Amino acid sequence: MRVPSAPATATATGTGTGISLRQITTNGITVNVATAGTGPAVLLLHGFPHTWQLWSEVIPELAREHRVIAPDLRGLGASTRAADGYDADSLATDAEGLLDALGERTATVVGIDVATPAAFLLAMRRPDLVRGLVLMESLLGPLPGAEEFLAGGAPWWFGFHSVPGLAETVIDGHEAEYVDWFLRIGTHSRAVPDGAREAFRTAYSGQDALRCAFSHYRAMPTSGRQIQDAVARGRLTVPTLAIGSHPVADALERQLRPITDDLTGHHIPDCGHIIPLDRPAALLGLLGPFLAAVQPGRDDVQGV
């Protein structure tokens with residue numbers, strides 16, 4: 001259900017890179033959000049173990065012609081460490097309220113990893129708001145199409161993160177090593193910018209921060225049911241771009257193909273799971289033409 005947004009607060013800080021940070025209250029939480037540029041809105045939704053800095057290598061280029069909006073997800077980074085609301089439908093409501101608070105009537109929505117189900121549900125229920133959808137390196141719950149990818153079972157950390165109270169207790173005091181492991185496997189051990197790495201380490205330090213991170217995994221059964229319900233009610237009608245790399249590859253595209261009216265799939269070779277940091281140029285090469293194709297008319301561009 002849509003929760004009205006409170007007015008946005010004043011801009012908090014500038015980062016020295018043309019990116020401004022502000023705090024916006026919506027859906028019962030305060031969202032830390034980075035914005036840059038002007039023009040048609042592009043909403044970038046990160047995954048685990050990331051913050052808005054996941055997009056730091058692509059924001060400057062996107063901001064040349066677009067208003068880029070990159071929040072910290074609920075419970076992550078500098079956003080509210082909420083007690084609940086980590087299911088995909090609630091996260092979609094967070095994103096919807098954020099766009100409303102920023103005065104955006106339409107946006108292209110880009111989601112990766114744990115944000116993908118939320119981006120999908122937002123597009124399913126608000127095709128008037130989401131003019132284009134980009135989904136990367138994740139699965140949409142139990143939808144058919146990912147059987148080959150899941151033949152050996154889900155990645156080990158899904159079960160580990162899902163047990164209430166376990167992972168945050170075990171990892172407490174070793175957060176930097178744990179985050180670095182995901183960064184290494186997600187980029188094939190290629191360099192992650194120091195600023196992003198330190199932001200991620202800081203954001204996931206302490207048991208409460210870890211609890212929030214793992215709450216996204218603990219809500220996955222609920223999110224899966226929400227996805228099934230949405231698909232039972234209708235089809236995905238907005239133009240959609242599915243991007244795979246390693247390890248998800250084309251599994252997400254296979255899930256989307258039977259339920260999507262306008263779908264383009266791409267696979268980025270020699271690229272790890274964390275596409276925006278591992279192969280930002282390749283990602284921009286795909287986003288550019290897609291954003292141009294779903295560009296709104298001048299009268300549809302609005303923001304504060």
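Here are a few notes on one helix and three strands in this model, which is predicted.

1. Start with helix H2, which covers residues 88-101, 14 residues in total. From first C-alpha to last it reaches 20 Å, close to the 20 Å expected at 1.5 Å a residue.

2. How many of the residues of H2 are buried? The count is 12 of the 14, so the helix is largely enclosed by the rest of the structure. If you want to click through them, the buried set includes Ala88, Leu91, Leu98, Leu99 and Ala101. Asp94 and Glu96 are buried too, as are Ser90 and Thr93. For the cut-off, buried here means under 20% relative accessible area.

3. Just a quick backbone remark on what comes after the helix: H2 is followed by Gly103, and the phi of Gly103 is positive, near 75°.

4. Now the strands. S2 (residues 20-26) pairs with S3 in the antiparallel sense, over 7 bridges. To get your bearings, look for Ser20, which stands opposite Thr35 in S3.

5. The hairpin of S2 and S3 has 2 residues between the strands. Asn27 in this hairpin takes a positive phi, near 55°.

6. S3 has a second partner to look at: strand S5 (residues 67-71), again antiparallel, over 4 bridges. Here Val33 stands opposite Pro71 in S5.

7. Is S3 mostly covered or mostly open? Mostly covered: this strand runs over residues 29-36, and 7 of its 8 residues are buried.

Notes
Residues are numbered from 1 along each chain as its sequence is written. This is a predicted model: local features need pLDDT of at least 70, side-chain atom pairs count only at pLDDT 80 or more; totals for chains, interfaces and linings use all residues. Side-chain values use heavy atoms; hydrogens and water are left out. The expected span of a helix is 1.5 Å times one less than its number of residues. Buried means under 20% relative accessible area, exposed over 50%, partly exposed in between (1.4 Å probe, protein chains only). Two strands pair if DSSP finds at least two bridges between them.
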